[in-house]
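Reader: I have a chain on the screen and would like to go through it with you. Can we start with how far to trust it?

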Amino acid sequence: MSTPAARSTRHRRAPIRFRDEHGRECLKVPLDRFGRKYATATERGYQAVQEAGATGAWYLNSNGHGGSYVRTHAGETLLMPARIIAGAKARSVVRYVNGDPLDLRPENIILQRGAAKRADAVIVADSVTADEDGEW
């Protein structure tokens, strides 16, 4: 039986490299297997998410209020790459300057005080450390 992370990477397209208007190396990260939706991230931002322990494909997930946001997995934990890229701590919420939640470049992500209880990068680090110790 395969894991959710393994299932989510089947038939996925590879990220597409390009240079943005600032000359930075960026990636268009596929959010579906059909190549209809992509998130945009700097190469550095994408690497930060991978280094934080993200194991699965990136995809769109509804927020339950008519919006969708980019998500990925670290093991069984659901994460928001935007929170990792921005270094969000608990009690901070992510806002998108241009209104596009698929644009995950640093200048488009701002943090504001809010009700978020999560710090995705910390959750990943804790779960990776626990996994290395053989505990959960």
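Author: pLDDT is the predictor's confidence in each residue, from 0 to 100. This is a predicted model, and its chain averages a pLDDT of 82, with 76% of the residues scoring at least 70.

Reader: Where does the pLDDT stay under 50?

Author: Over residues 1-9, a stretch for which the model has 10 contacts beyond four places in sequence. Residues 127-136 are also below 50, and that stretch has 4 contacts in the model beyond near neighbours in sequence. Where pLDDT is low, the predicted coordinates should not be read in detail.

Reader: OK. How many helices and strands does the chain have?

Author: There are 4 helices and 8 strands. Along the sequence they follow the pattern α-β-β-β-α-β-β-β-α-β-β-α. Of the 136 residues in the chain, 40% are buried. Among contacts with a separation of 6 or more, 37% are between residues 24 or more positions apart.

Reader: Take the strands, then. What is the order in the sheet that has strand 1 and strand 3 at its edges?

Author: The order is 1-2-3, in an open sheet with antiparallel pairing. Strand 1 (16-19) and strand 3 are the edge strands, each pairing on one side only. On average, neighbouring strands of this sheet are turned by 30° against each other, direction ignored.

Reader: How many bridges join strand 2 to strand 3?

Author: 5 bridges, with the two strands running antiparallel. Val29 stands opposite Ala39 of strand 3, and Leu27 stands opposite Ala41 of strand 3.

Reader: Strand 3 is an edge strand. Is it mostly covered or mostly open?

Author: Mostly covered: 5 of the 5 residues in strand 3 are buried. In a regular strand the side chains alternate between the two faces of the sheet. In strand 3, Tyr38, Thr40 and Thr42 are on one side, Ala39 and Ala41 are on the other, and all are buried.

Reader: Which helix packs on that sheet?

Author: Helix 2, which touches strand 1, strand 2 and strand 3. The direction of helix 2 makes about 100° with that of strand 3.

Reader: Which residues of helix 2 are buried?

Author: In helix 2 (residues 43-51), the buried ones are Gly45, Tyr46 and Val49. They cover an arc of only 100° around the axis, which puts them on the same side of helix 2. An α-helix has 3.6 residues a turn, so residues three or four places apart point the same way.

Reader: And what is exposed on the other side of helix 2?

Author: Arg44 and Glu51 are exposed there.

Reader: What covers the buried residues of helix 2?

Author: The cover includes strand 2 (25-30), strand 3 (38-42), strand 5 (68-74) and helix 3 (81-86). Just after helix 2, Gly53 takes a positive phi of about 110°.

Reader: Different topic. What is the order of the sheet that contains strand 5?

Author: The order is 4-5-6, an open sheet of 3 strands with antiparallel pairing. Strand 4 (59-62) and strand 6 (77-79) stand at the edges with a single partner strand each, so one side of each has no neighbour in the sheet. Neighbouring strands here are turned by 50° against each other on average, direction ignored. Strand 4 and strand 5 pair over 4 bridges, and Leu60 has Val70 in strand 5 as its bridge partner.

Reader: There is an arginine in strand 5, Arg71. Buried or exposed?

Author: Arg71 is buried, because its relative accessible area is 12% and buried means under 20%.

Reader: What does Arg71 touch?

Author: Not counting residues up to four places away in sequence, Arg71 touches Ala57, Trp58, Tyr59, Asn61, Leu78, Leu79, Met80 and Pro81.

Reader: Last topic, the largest nonpolar core. Which residues touch the most other members?

Author: Of its 21 residues, Trp58, Val70, Tyr96 and Leu104 do. The elements giving two or more residues to this core are strand 2, strand 3, helix 2, strand 5, helix 3 and strand 7 (92-96).

Reader: And which residues is Leu104 in contact with?

Author: Leaving aside its neighbours within four places in sequence, Leu104 is in contact with Ala39, Thr40, Ala41, Trp58, Val70, Pro81, Ala82, Ile85, Tyr96 and Ile109.

Note on methods. Residues numbered from 1 in each chain as written. Predicted model: local features only at pLDDT ≥ 70, side-chain atom pairs only at ≥ 80, totals over all residues. Heavy atoms only, no water. Buried < 20%, exposed > 50% of the residue type's maximum accessible area, 1.4 Å probe, protein only. Arc of directions from axis to C-beta. Contact = heavy atoms within 4.5 Å. Pairing = 2+ DSSP bridges. Axes fitted to C-alpha atoms, helices over the stretch in contact; angles between N-to-C directions. Core = buried A, V, L, I, M, F, W, Y, C linked by side-chain atoms within 4.5 Å.
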